[in-house]
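Subject: Handing over a structure, with notes on what was found

Dear colleague,

I am passing on the structure below, together with some notes that I hope will help you find your way around it. Please have the sequence and the 3D view open side by side as you read.

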Amino acid sequence: MRNETSANQARGTLELTAAMVLSGTLGIFVVESGASPFTVVFFRCLFGALALGLYSLARGFFTGHGFTPRKLGLAALGGALIVFNWVFLFEAYEATSISFATVVYHTQPFFLVVLGAAVLRERISAAKLGWLAVAFAGLVLVSGVRPGDTASLTGLGLALAAAVLYALSTIVTKRISGVRPHLVALVQVTTGIPLLLPFADFGEAARLGAGWGWLVGLGIIHTGVMYVLMYAAYAKLPTAKIAVLAFTYPAVAMLADWLVYGHHIGLVQALGVPLIVLASLKVTLAKTSATPRTPAAAPAPRTAGRAPEAASPAATRSA
């Protein structure tokens with residue numbers, strides 16, 4: 001039995017690492033597509049829905065799906081928050097860089113704590129307040145915003161807005177239980193199709209040429225394959241390992257941004273990265289260890305979780 005558990009954890013580690021590596025390349029696909037953020041997210045939802053729908057159909061997930069009108073409504077609301085979270089994040093890529101936007105985006109756990117206190121009346125301990133202060137100090141260092149640096153300030157605001165929307169989606173989606181996370185993710189990306197239809201630029205899309213390959217990749221690889229790998233891994237791994245492996249995502253994103261575009265954060269900014277990572281890890285582990293392990297669905301994004309059938313983001317996620 002112990003050998004079987006170890007084998008499962010080893011497989012889960014490989015699956016989650018692969019998912020986080022894929023997540024770290026997401027920004028490259030967005031930029032290389034050449035499309036505007038709204039158009040990118042629309043087609044990510046379209047191709048992602050096709051990929052997740054076919055996978056769920058092949059696995060028989062639609063039988064006994066567990067949805068009720070209330071759960072379906074919550075999944076759709078979470079989906080609306082998720083797709084606009086993607087729009088803001090992709091806008092942040094354009095305003096600054098993939099590295100900068102990704103690091104700032106990983107302040108999600110702190111917004112989850114603050115929103116949990118404001119919306120769910122959860123108590124914030126003195127330790128969490130301390131780690132929030134550490135994360136804020138790291139954010140100040142990472143931002144490196146100087147007077148008149150409009151692009152960095154805009155990118156900072158967009159990435160923070162994306163993080164807030166992701167945290168809100170997590171709070172909404174945590175109220176869904178008894179439904180496979182693949183189906184919740186499917187509802188979320190499907191919701192994005194009519195929601196973003198008025199904003200997508202089809203004239204632009206018609207001129208993309210090779211950019212279509214990158215858009216299809218975002219839907220199939222970064223929405224279909226990546227989520228299947230994540231959800232498979234969540235069922236096999238303990239919370240601590242999931243939380244640690246989730247930081248493969250920003251590490252790969254920063255490396256990819258440097259290798260492909262030559263972008264990198266400065267020395268002073270680099271000092272803030274470990275502060276955000278450490279504080280995020282501490283807050284995530286403290287939050288998950290204090291919460292009963294009950295099945296709950298996760299928002300389509302991205303990055304870490306704790307329940308056998310679903311996930312809750314550790315830092316992210318999800319892109």
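Helices here are DSSP runs of at least four residues, strands are runs of at least two, and both are numbered from the N terminus. Read along the sequence with that in mind, the protein follows the pattern α-α-α-α-α-α-α-α-α-α-α-α-α-α, which amounts to 14 helices and zero strands. Please keep in mind throughout that this is a predicted model.

On confidence, the mean pLDDT of the protein is 84, and 87% of its residues reach 70 or more. Among the helices, confidence is highest in α3 (residues 37–59), at a mean of 96, and lowest in α14 (residues 267–289), at 77. Over residues 292–316 the pLDDT is below 50, although this stretch still has 119 contacts in the model beyond near neighbours in sequence.

As for the protein as a whole, buried residues make up 53% of its 319 residues. The surface that the protein exposes comes to about 13,200 Å², and carbon and sulfur atoms supply 69% of that area.

Helix α5 (residues 98–105) is a good place to begin with burial, because eight of its eight residues are buried, so that the helix is largely enclosed by the rest of the structure. The buried residues of α5 are I98, S99, F100, A101, T102, V103, V104 and Y105.

How do α2 and α13 pack against each other? Helix α2 (residues 26–33) and helix α13 (residues 248–261) meet at an angle of about 40 degrees, and their axes lie 9 Å apart, so the two helices are oblique to each other. On the α2 side the contact is made by I28, V31 and E32, while A256, V260 and Y261 contribute from α13. Sorted by class, this contact of α2 with α13 has five nonpolar residues, no polar residues and one charged residue.

A second meeting point can be followed from helix α1 (residues 2–24), where L22 has its place. With a relative accessibility of 22%, L22 counts as partly exposed, and, leaving aside its neighbours within four places in sequence, L22 is in contact with I221, H222, V225, M226 and L229. The C-alpha atoms of L22 and I221 are separated by 7.6 Å, although the two residues are 199 residues apart along the chain.

One of those partners, H222, is found in helix α11 (residues 211–234). H222 is buried, with a relative accessible area of 0%, and, not counting residues up to four places away in sequence, H222 touches L22, S23, T25, L26, F29, R44, G217 and Y227. Between the C-alpha atoms of H222 and L26 the separation is 6.7 Å, with their positions 196 residues apart along the chain counted as the distance in sequence.

Helix α9 (residues 181–196) offers two further residues to inspect, one of them being T191. T191 counts as buried at 18% relative accessibility, since the cut-off for a buried residue is under 20%. Apart from residues up to four places away in sequence, T191 touches A76 and A80.

V189 is also found in helix α9, and at 1% relative accessibility V189 counts as buried. Which residues does V189 touch, not counting those up to four places away in sequence? They are C45, G48, A49, L52, W86 and T223. The C-alpha atoms of V189 and F43 are separated by 9.9 Å, and these two residues are 146 residues apart along the chain.

Finally, F88 has its place in helix α4 (residues 69–95). F88 is partly exposed, with a relative accessible area of 32%, and, residues up to four places away in sequence again not counted, F88 touches L158, A161, A162 and L165. Measuring from C-alpha to C-alpha in the model, F88 and L160 are 8.6 Å apart in space and 72 residues apart in sequence.

With kind regards

Definitions and conventions. Residues are numbered from 1 along each chain as its sequence is written. This is a predicted model: local features need pLDDT of at least 70, side-chain atom pairs count only at pLDDT 80 or more; totals for chains, interfaces and linings use all residues. Side-chain values use heavy atoms; hydrogens and water are left out. Buried means under 20% relative accessible area, exposed over 50%, partly exposed in between (1.4 Å probe, protein chains only). Axes are lines fitted to C-alpha atoms, for helices over the stretch in contact, and angles run from 0 to 180 degrees between N-to-C directions. Angles under 35 degrees count as roughly parallel, over 145 as roughly antiparallel, 65 to 115 as roughly perpendicular and the rest as oblique. Contact means heavy atoms within 4.5 Å. Ala, Val, Leu, Ile, Met, Phe, Trp, Tyr, Cys and Pro count as nonpolar, Asp, Glu, Lys and Arg as charged, and the others, Gly among them, as polar. Accessible areas come from the Shrake-Rupley method with a 1.4 Å probe; for residues, only the protein chains shown count as cover. pLDDT is the predictor's confidence in each residue, from 0 to 100.
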